[in-house]
Amino acid sequence: YQALRQSQLLRHNQELLEQDLARQNIIRQELLDKLSVQVAALDDANVALQIAQRRLLTQREEERKHLARELHDQVIQDLLTWNYQLESLAESFPDLQPNMDTMRASIRDMVADLRRICSRLRPPTIDSFGLGAALQSYTSSWSERTGIAVDLMIDSRIGRLTEEIELSLFRIVQESLSNVTKHANASSVTVRLNQLNPRLLQLLIADDGTGLDESFDLGQLANEGHFGILGITERVALLGGRFTCRNQPEGGLQIRVEVPHRTA
């Protein structure tokens, strides 16, 4: 009789346990379903955000291109015209020559500054001659302006790329060199653009400066208003590439970017 009661009690407990497990399975499945829905929603939001970022960058590049063209075709040409007119006036009125020379020198300085601004807004050589020529022109002028030596090497196998990749890589180099000027206290910079394989490009930018603090954090930089490296990571992400940033053992910072590519 006691064995029978024990058996019935065990069977009852087993039934309760099975019911409890069934309820847990139902709850677990409901949680998994909710989590799946949330993950799908996050994926959709991430795709929408990438599309919006790509559209924003494209529109920004178009605005820069338009502004650079307006400055070059209108403002710079007007200044050059005034410069020629001042030269004619100086020839007609020799007494005004010293003042005219001063004014013409100021106009030439303004034209040089505007051309430099146009180059930063939209590299003039990239549309006609490609990324390599644009990088050579920009790094040469940047080195002359800052006094920091630049060693640029571009893989000869790299031809014309799509406009998105060429502009993105140029902006990454531009932003990296701007960070070197502001923060690195460096004397030299190395820029390497290599083709690792027919479908993958690698961009290396290294300086001999102070490097980053050991407590470096992208989120902290954003909170402090430093968006240079953060902007680089966003560009690389939109290209479907990989970004790494580390201090070198011999000193200085190295930025490594790898992006898939196809020819233009």
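Colour the chain by secondary structure and follow it from the N terminus: in this predicted model the elements run α-α-α-α-β-α-β-β-α-α-β-β, which amounts to 7 helices and 5 strands.

With the whole protein still in view, turn to its overall dimensions. The C-alpha atoms fill a box of roughly 135 × 40 × 40 Å along the principal axes, and the radius of gyration is 30 Å, whereas a compact globule of 264 residues would have one near 18 Å. If you switch on a surface, the accessible area comes to about 16900 Å², with 53% of that area belonging to carbon and sulfur atoms. Buried residues make up 31% of the 264 residues. Among the contacts with a separation of 6 or more, 67% are between residues 24 or more positions apart. Colouring by charge brings up 29 positive and 36 negative charges, whose mean positions lie 6 Å apart.

Next, select Leu114, which is found in helix α2, residues 97-121. Leu114 has a relative accessibility of 16% and therefore counts as buried, the cut-off for that class being under 20%. Now show its neighbours: leaving aside residues up to four places away in sequence, Leu114 touches Leu71, Val75, Ile76 and Leu79. For one of these, Val75, a distance can be drawn between C-alpha atoms, and it should read 8.6 Å to Leu114, although the two residues are 39 residues apart along the chain.

Move on to Tyr138 and Phe170, which form the 1 aromatic pair that the structure holds. The centres of their rings are 5.5 Å apart and the planes stand at 65°, so the pair is edge-to-face, a label that applies when the planes are over 60 degrees apart. Display helix α4 (residues 131-146) and helix α5 (residues 163-184) together, since Tyr138 sits in the former and Phe170 in the latter, and the pair thus links distant parts of the chain, 32 residues apart. Both Tyr138 and Phe170 are buried.

Finally, follow the chain beyond helix α5 and select Asn185, which lies in the loop between α5 and β2 (188-197). What is the phi of this residue, which is not a glycine? The phi of Asn185 is positive, about 55°. Most residues other than glycine have a negative phi. Is Asn185 buried or exposed? Its relative accessibility is 66%, so Asn185 counts as exposed, the cut-off for that class being over 50%.

Technical notes:
Residues are numbered from 1 along each chain as its sequence is written. This is a predicted model: local features need pLDDT of at least 70, side-chain atom pairs count only at pLDDT 80 or more; totals for chains, interfaces and linings use all residues. Side-chain values use heavy atoms; hydrogens and water are left out. Rings of Phe, Tyr and Trp (its six-membered ring) pair if their centres lie within 6.5 Å; planes under 30 degrees apart count as stacked, over 60 as edge-to-face and the rest as tilted. Helices (H or I, at least four residues) and strands (E, at least two) are DSSP runs, numbered from the N terminus. Buried means under 20% relative accessible area, exposed over 50%, partly exposed in between (1.4 Å probe, protein chains only). The radius of gyration is taken over C-alpha atoms; the globule rule is 2.2 Å times the number of residues to the power 0.38. Contact means heavy atoms within 4.5 Å. Accessible areas come from the Shrake-Rupley method with a 1.4 Å probe; for residues, only the protein chains shown count as cover. Lys and Arg count as positive and Asp and Glu as negative; His and the chain ends are not counted. The place of a charge is taken as NZ of Lys, CZ of Arg, CG of Asp or CD of Glu.
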